[in-house]
Amino acid sequence: GRQLYQNDERFWVSLNENGHQQFFIHVKEIVEIKSIDSFADIEVNICKYNESSSRLICTLLSADKEMKQKFAIVAKDIAYHCENDTDREIFVNAQTRIESWANFLKPTRKGLSQSEFVGLWGELYTISEILMEYHKPIDVIRFWIGPEGKKQDITLNSVAIEVKTSMS
(Lines give C-alpha, C1' and ligand atoms only; values in the text may rest on other atoms or scores of the structure.)
Protein backbone atom coordinates (compact mmCIF):
# COMPACT_ATOMS: atom_id res chain seq x y z
CA GLY A 1 0.00 0.00 0.00
CA ARG A 2 0.88 3.66 -0.10
CA GLN A 3 -0.13 6.62 1.93
CA LEU A 4 -3.25 8.29 0.54
CA TYR A 5 -3.21 11.62 2.31
CA GLN A 6 -0.04 13.54 3.01
CA ASN A 7 -1.52 15.31 6.04
CA ASP A 8 -2.47 12.13 7.90
CA GLU A 9 -0.57 8.84 8.09
CA ARG A 10 -3.72 6.87 8.98
CA PHE A 11 -5.06 6.82 5.38
CA TRP A 12 -3.72 4.29 2.86
CA VAL A 13 -4.59 2.82 -0.55
CA SER A 14 -3.72 -0.63 -1.81
CA LEU A 15 -4.75 -3.61 -3.90
CA ASN A 16 -5.94 -6.73 -2.10
CA GLU A 17 -4.89 -10.27 -2.98
CA ASN A 18 -7.60 -10.40 -5.67
CA GLY A 19 -6.40 -7.18 -7.32
CA HIS A 20 -9.32 -5.09 -6.04
CA GLN A 21 -8.71 -1.46 -5.12
CA GLN A 22 -9.09 -0.60 -1.49
CA PHE A 23 -8.44 2.19 0.91
CA PHE A 24 -8.00 1.69 4.57
CA ILE A 25 -7.72 3.68 7.73
CA HIS A 26 -5.21 2.36 10.24
CA VAL A 27 -5.36 3.48 13.87
CA LYS A 28 -3.03 2.53 16.70
CA GLU A 29 -5.67 1.31 19.12
CA ILE A 30 -8.32 -1.37 19.23
CA VAL A 31 -11.64 0.02 18.01
CA GLU A 32 -14.62 -2.26 18.33
CA ILE A 33 -17.58 -0.99 16.36
CA LYS A 34 -19.84 -2.61 13.81
CA SER A 35 -19.13 -2.15 10.10
CA ILE A 36 -21.85 -0.66 7.93
CA ASP A 37 -23.58 -3.03 5.57
CA SER A 38 -21.80 -3.41 2.26
CA PHE A 39 -23.59 -2.04 -0.79
CA ALA A 40 -23.33 -2.17 -4.57
CA ASP A 41 -19.72 -3.03 -5.36
CA ILE A 42 -18.30 -1.66 -2.11
CA GLU A 43 -17.39 -3.76 0.91
CA VAL A 44 -16.59 -2.18 4.28
CA ASN A 45 -14.94 -4.09 7.13
CA ILE A 46 -13.52 -3.08 10.49
CA CYS A 47 -11.00 -5.50 11.92
CA LYS A 48 -8.32 -5.88 14.52
CA TYR A 49 -4.99 -5.62 12.70
CA ASN A 50 -2.71 -6.72 15.53
CA GLU A 51 -2.68 -6.55 19.34
CA SER A 52 -2.66 -2.75 19.38
CA SER A 53 -4.26 -1.50 16.16
CA SER A 54 -7.40 -1.65 14.03
CA ARG A 55 -8.31 -0.99 10.42
CA LEU A 56 -11.35 0.10 8.48
CA ILE A 57 -10.97 -1.45 5.04
CA CYS A 58 -13.13 -0.28 2.15
CA THR A 59 -12.83 -2.49 -0.95
CA LEU A 60 -14.08 -1.83 -4.48
CA LEU A 61 -15.23 -5.14 -5.93
CA SER A 62 -15.85 -3.78 -9.43
CA ALA A 63 -13.27 -3.57 -12.22
CA ASP A 64 -15.29 -0.87 -14.04
CA LYS A 65 -13.10 2.14 -14.92
CA GLU A 66 -15.77 4.69 -13.97
CA MET A 67 -16.30 2.98 -10.60
CA LYS A 68 -12.55 3.07 -9.95
CA GLN A 69 -12.54 6.83 -10.56
CA LYS A 70 -15.55 7.33 -8.28
CA PHE A 71 -13.93 5.17 -5.60
CA ALA A 72 -10.78 7.33 -5.70
CA ILE A 73 -12.86 10.49 -5.28
CA VAL A 74 -14.67 9.05 -2.26
CA ALA A 75 -11.43 7.86 -0.64
CA LYS A 76 -9.87 11.32 -0.97
CA ASP A 77 -13.03 12.97 0.35
CA ILE A 78 -13.06 10.73 3.42
CA ALA A 79 -9.40 11.42 4.17
CA TYR A 80 -9.95 15.16 3.83
CA HIS A 81 -13.08 15.25 5.99
CA CYS A 82 -11.83 12.85 8.67
CA GLU A 83 -8.27 14.13 9.13
CA ASN A 84 -9.12 15.96 12.36
CA ASP A 85 -11.02 13.05 13.89
CA THR A 86 -9.57 11.18 16.84
CA ASP A 87 -8.74 7.50 16.43
CA ARG A 88 -11.85 6.73 18.52
CA GLU A 89 -14.26 8.60 16.23
CA ILE A 90 -12.66 8.19 12.80
CA PHE A 91 -14.27 4.84 11.89
CA VAL A 92 -17.78 6.09 12.71
CA ASN A 93 -17.28 9.32 10.79
CA ALA A 94 -15.66 7.58 7.80
CA GLN A 95 -18.58 5.14 7.55
CA THR A 96 -21.06 8.00 7.74
CA ARG A 97 -19.17 9.69 4.91
CA ILE A 98 -19.19 6.46 2.83
CA GLU A 99 -22.95 6.19 3.29
CA SER A 100 -23.40 9.81 2.18
CA TRP A 101 -21.69 8.89 -1.11
CA ALA A 102 -23.80 5.72 -1.62
CA ASN A 103 -25.85 7.03 -4.56
CA PHE A 104 -22.72 8.30 -6.29
CA LEU A 105 -21.17 4.84 -5.97
CA LYS A 106 -24.08 2.98 -7.52
CA PRO A 107 -22.63 1.11 -10.50
CA THR A 108 -25.82 1.38 -12.54
CA ARG A 109 -26.07 5.14 -12.23
CA LYS A 110 -26.20 6.72 -15.68
CA GLY A 111 -25.60 10.30 -14.66
CA LEU A 112 -27.91 12.83 -13.13
CA SER A 113 -31.64 12.98 -13.77
CA GLN A 114 -32.89 16.14 -15.47
CA SER A 115 -34.05 17.68 -12.16
CA GLU A 116 -30.77 16.74 -10.41
CA PHE A 117 -28.80 18.29 -13.26
CA VAL A 118 -30.81 21.52 -13.07
CA GLY A 119 -30.34 21.61 -9.28
CA LEU A 120 -26.59 21.04 -9.57
CA TRP A 121 -26.36 23.76 -12.20
CA GLY A 122 -28.13 26.17 -9.86
CA GLU A 123 -25.79 25.36 -6.99
CA LEU A 124 -22.70 25.79 -9.16
CA TYR A 125 -24.07 29.04 -10.59
CA THR A 126 -24.65 30.37 -7.06
CA ILE A 127 -21.13 29.36 -6.07
CA SER A 128 -19.42 30.86 -9.12
CA GLU A 129 -21.47 34.04 -9.53
CA ILE A 130 -22.14 35.00 -5.92
CA LEU A 131 -19.98 33.26 -3.33
CA MET A 132 -16.69 33.32 -5.25
CA GLU A 133 -16.92 37.10 -5.38
CA TYR A 134 -16.69 37.33 -1.59
CA HIS A 135 -14.81 34.19 -0.47
CA LYS A 136 -11.69 32.21 -1.33
CA PRO A 137 -12.27 29.16 -3.59
CA ILE A 138 -11.11 26.70 -0.90
CA ASP A 139 -13.63 28.17 1.54
CA VAL A 140 -16.45 28.10 -1.00
CA ILE A 141 -15.83 24.38 -1.62
CA ARG A 142 -16.02 23.75 2.14
CA PHE A 143 -19.31 25.68 2.31
CA TRP A 144 -20.95 23.45 -0.33
CA ILE A 145 -22.68 20.42 1.19
CA GLY A 146 -22.28 18.35 -1.99
CA PRO A 147 -23.73 14.83 -2.18
CA GLU A 148 -24.96 14.65 1.42
CA GLY A 149 -28.57 15.42 0.49
CA LYS A 150 -29.25 17.71 3.42
CA LYS A 151 -31.87 20.46 3.52
CA GLN A 152 -29.30 23.17 2.80
CA ASP A 153 -26.98 23.19 -0.18
CA ILE A 154 -24.47 25.67 1.24
CA THR A 155 -23.60 26.56 4.83
CA LEU A 156 -21.21 29.24 5.98
CA ASN A 157 -20.83 30.48 9.53
CA SER A 158 -24.40 31.05 10.74
CA VAL A 159 -25.94 31.22 7.25
CA ALA A 160 -27.59 28.32 5.43
CA ILE A 161 -28.54 28.55 1.75
CA GLU A 162 -30.98 26.28 -0.08
CA VAL A 163 -30.77 26.81 -3.84
CA LYS A 164 -33.90 26.11 -5.89
CA THR A 165 -33.49 26.12 -9.66
CA SER A 166 -36.02 25.70 -12.44
CA MET A 167 -35.85 25.77 -16.21
CA SER A 168 -37.74 28.57 -17.93
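Is Cys-47 buried, partly exposed or exposed, and what is its relative accessibility? The views below come from a predicted model, and the cysteine view takes up this question.

**View 1. Cys-47 and its surroundings in the predicted model.** With a relative accessibility of 31%, Cys-47 counts as partly exposed. A disulfide requires two cysteine sulfur atoms within 2.5 Å, and by this rule the count comes to 0 disulfides. For Cys-47, which is in no disulfide, the nearest cysteine sulfur belongs to Cys-58 and lies 13 Å away.

**View 2. Cys-58, a buried cysteine.** Cys-58 has a relative accessible area of 2% and is buried, whereas Cys-47 is partly exposed. Cys-58 is likewise in no disulfide, and the cysteine sulfur nearest to it, that of Cys-82, is 12 Å away.

**View 3. The order of helices and strands along the chain.** The chain holds 4 helices and 7 strands, which follow one another from the N terminus as β-β-β-β-β-α-α-α-α-β-β. Along its principal axes, the C-alpha trace spans about 60 × 35 × 25 Å.

**View 4. Interior and contacts of the chain.** Of the 168 residues in the chain, 37% are buried. Among contacts with a separation of 6 or more, 52% are made by residues 24 or more positions apart.

**View 5. Surface and charged side chains.** The accessible surface of the chain comes to about 10,700 Å², and carbon and sulfur atoms contribute 51% of this area. The chain carries 20 positive and 25 negative side chains, and the centres of these two sets lie 3 Å apart.

Technical notes
Residues numbered from 1 in each chain as written. Predicted model: local features only at pLDDT ≥ 70, side-chain atom pairs only at ≥ 80, totals over all residues. Heavy atoms only, no water. Helix = DSSP H or I, 4+ residues; strand = E, 2+ residues; numbered from the N terminus. Buried < 20%, exposed > 50% of the residue type's maximum accessible area, 1.4 Å probe, protein only. Contact = heavy atoms within 4.5 Å. Areas by Shrake-Rupley, 256 points an atom, 1.4 Å probe, with all protein chains shown as cover. Lys, Arg positive; Asp, Glu negative; His and termini not counted. Charge placed at Lys NZ, Arg CZ, Asp CG, Glu CD.
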